[in-house]
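Subject: Handing over the structure

Hi,

Here is the structure I promised to pass on to you. Have a look at it first, and then read on for what turned up.

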Amino acid sequence: MNFTGDSLVSNVVWSEMDPVGAMAASTLDDKDCESFQVLFINTDGSLIRNSSVTHDREATVMEWQPKSRILAIGWGDGMLSCWSVDGRIRPTSTFSNSSHHQSITVMKWSPNGKRLVTGDISGLVVVWAVDARGTLTATRNYRKKGEVTALTFCTIASPGGVEQPSGYTPSFFFGTSRGGLVYADDMGNCADVHQLSSAVDNLMYFEEPSRLVIITRSLMLIQYKVSPDGRVSRISQVKLSVAGDVAEKGLQSVVWAGPGVLAAACQEKVTRLFDLA
């Protein structure tokens, strides 16, 4: 789809439940006043009518809940809001700086959709419980030094293949701009794991071998083996080879391209693939 005028799209996320996406956009009017919206679109690129969410600061992070039609939005002033998309767009929770007072930088739903974890530029991490209607309740706060830059849940298989209870929420790791790697859960446990030499730009969890994958600002790709109690042991470390000034900005977009294979946007004319094996 195309916008008219001075409109810019900064982020797009697609729902796993429905053929609908959300995009964060900013617009300049004739008086050079900037406004911020989140717009909902169909797969053909057409806007869903009467679906815009507006705010006086930009939407910095967005993520769909994996088990329902709920979108969580983190804003540049620390506001957090959730929106249900079930034939019409309606708010389920809106928190105006109730926990975060600065820009929200990371956001992640647990795999079962029972928890949402958010982190901000001041180092505050908040764990939110969510009910069936999409209403959020803050349950835990953790604070570390430096901006929270990356976060991933850690879905470790139970010993002997025992199925986890339906209400089980896995623990998570988060990283900071000061190189901190932290283990936490929704029960009040929070522990420093390692201090790395540069900012943590990407955290990903490779479920089958229980590996935590880290890419730092200095382009070190580090793999840790994760035990059921959250303890980690380093199993490999390699310096990534990329061109240009990526080392100054870091790899801003890294996704799974397949089991054990990462695809990374490196500000080059190619997409680089990294085989973790």
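Let me begin with one residue to find in your viewer: Leu219 is buried, with a relative accessibility of 4%. Its place is the loop between E18 and strand E19, which covers residues 220-226. What caught my eye is the phi of Leu219, which is near 65°, a positive value in a residue other than glycine. Most residues other than glycine have a negative phi.

Ser210 gives a second case, with a positive phi near 55°. This serine belongs to the loop between strand E17 (200-206) and strand E18 (211-216). Ser210 counts as buried too, at 12% relative accessibility.

Before going further, please keep in mind that this is a predicted model. The average pLDDT over the chain is 86, and 90% of the residues reach at least 70. One stretch to treat with care is residues 159-163, where the pLDDT is below 50 and the model shows zero contacts beyond near neighbours in sequence.

**The chain as a whole**

The chain has 277 residues, and 49% of them are buried. Its secondary structure consists of one helix and 23 strands. If you take the contacts between residues at least 6 apart in sequence, 39% of them join residues at least 24 apart. The accessible surface is about 14000 Å², with 48% of it belonging to carbon and sulfur atoms.

**Salt bridges**

How many salt bridges does the chain have? The count comes to six. Side chains of opposite charge can pair when their charged atoms come close. Here are three of the bridges to look up.

The loop you have just visited, between E18 and E19, also holds Arg217, whose partner Asp201 sits in strand E17, 16 residues away, so this pair links distant parts of the chain. Between Arg217 and Asp201 the closest N and O atoms are 2.7 Å apart. Arg217 is partly exposed, at 28% relative accessible area, whereas Asp201 is buried, at 13%.

Next come Asp186 and Arg115, whose side chains meet in a salt bridge with an N to O distance of 2.8 Å. Asp186 is in the loop between strand E15 (180-184) and strand E16 (190-195), while Arg115 is in strand E10 (residues 115-120), so the bridge ties together parts that are 71 residues apart in sequence. Asp186 counts as buried, with 13% relative accessibility.

The third is formed by Arg57 and Glu58, with 3.7 Å between the closest N and O atoms. Here Arg57 is partly exposed, at 35% relative accessible area, and Glu58 is partly exposed as well, at 29%.

**Aromatic pairs**

There are five aromatic pairs in the count. One of them joins Phe40 and Trp64, which meet edge-to-face: the ring centres are 6.2 Å apart and the planes are at 70°. This pair links distant parts of the chain, with Phe40 in strand E3 (residues 34-42) and Trp64 in strand E5 (residues 59-64), 24 residues apart. Are these two rings buried or exposed? Phe40 is buried, at 0% relative accessibility, and Trp64 is buried too, at 7%.

Phe172 and Phe174 make another pair, this one tilted, with 6.4 Å from centre to centre and 35° between the planes. Phe172 is buried at 1% relative accessible area, and Phe174 is buried at 0%. Together with Phe153, these two phenylalanines form one aromatic cluster.

**A nonpolar patch on the surface**

Finally, turn to the outside of the model. Which residues make the nonpolar surface patch of about 260 Å²? They are Val9, Val12 and Trp14. Val9 lies in strand E1, which runs over residues 6-14. Val9 is partly exposed, with a relative accessible area of 40%; that value is over the 30% a residue needs to count towards a patch, so Val9 can be part of one.

Happy viewing, and write back if you would like to go through any of it together.

Best wishes

Terms used
Residues are numbered from 1 along each chain as its sequence is written. This is a predicted model: local features need pLDDT of at least 70, side-chain atom pairs count only at pLDDT 80 or more; totals for chains, interfaces and linings use all residues. Side-chain values use heavy atoms; hydrogens and water are left out. pLDDT is the predictor's confidence in each residue, from 0 to 100. Contact means heavy atoms within 4.5 Å. Patches are made of residues with over 30% relative accessible area and no salt bridge: like charges are joined within 9 Å, nonpolar side chains (Val, Leu, Ile, Met, Phe, Trp, Tyr) within 5 Å. Accessible areas come from the Shrake-Rupley method with a 1.4 Å probe; for residues, only the protein chains shown count as cover. A salt bridge is a side-chain nitrogen of Lys or Arg within 4 Å of a carboxyl oxygen of Asp or Glu. Helices (H or I, at least four residues) and strands (E, at least two) are DSSP runs, numbered from the N terminus. Buried means under 20% relative accessible area, exposed over 50%, partly exposed in between (1.4 Å probe, protein chains only). Rings of Phe, Tyr and Trp (its six-membered ring) pair if their centres lie within 6.5 Å; planes under 30 degrees apart count as stacked, over 60 as edge-to-face and the rest as tilted.
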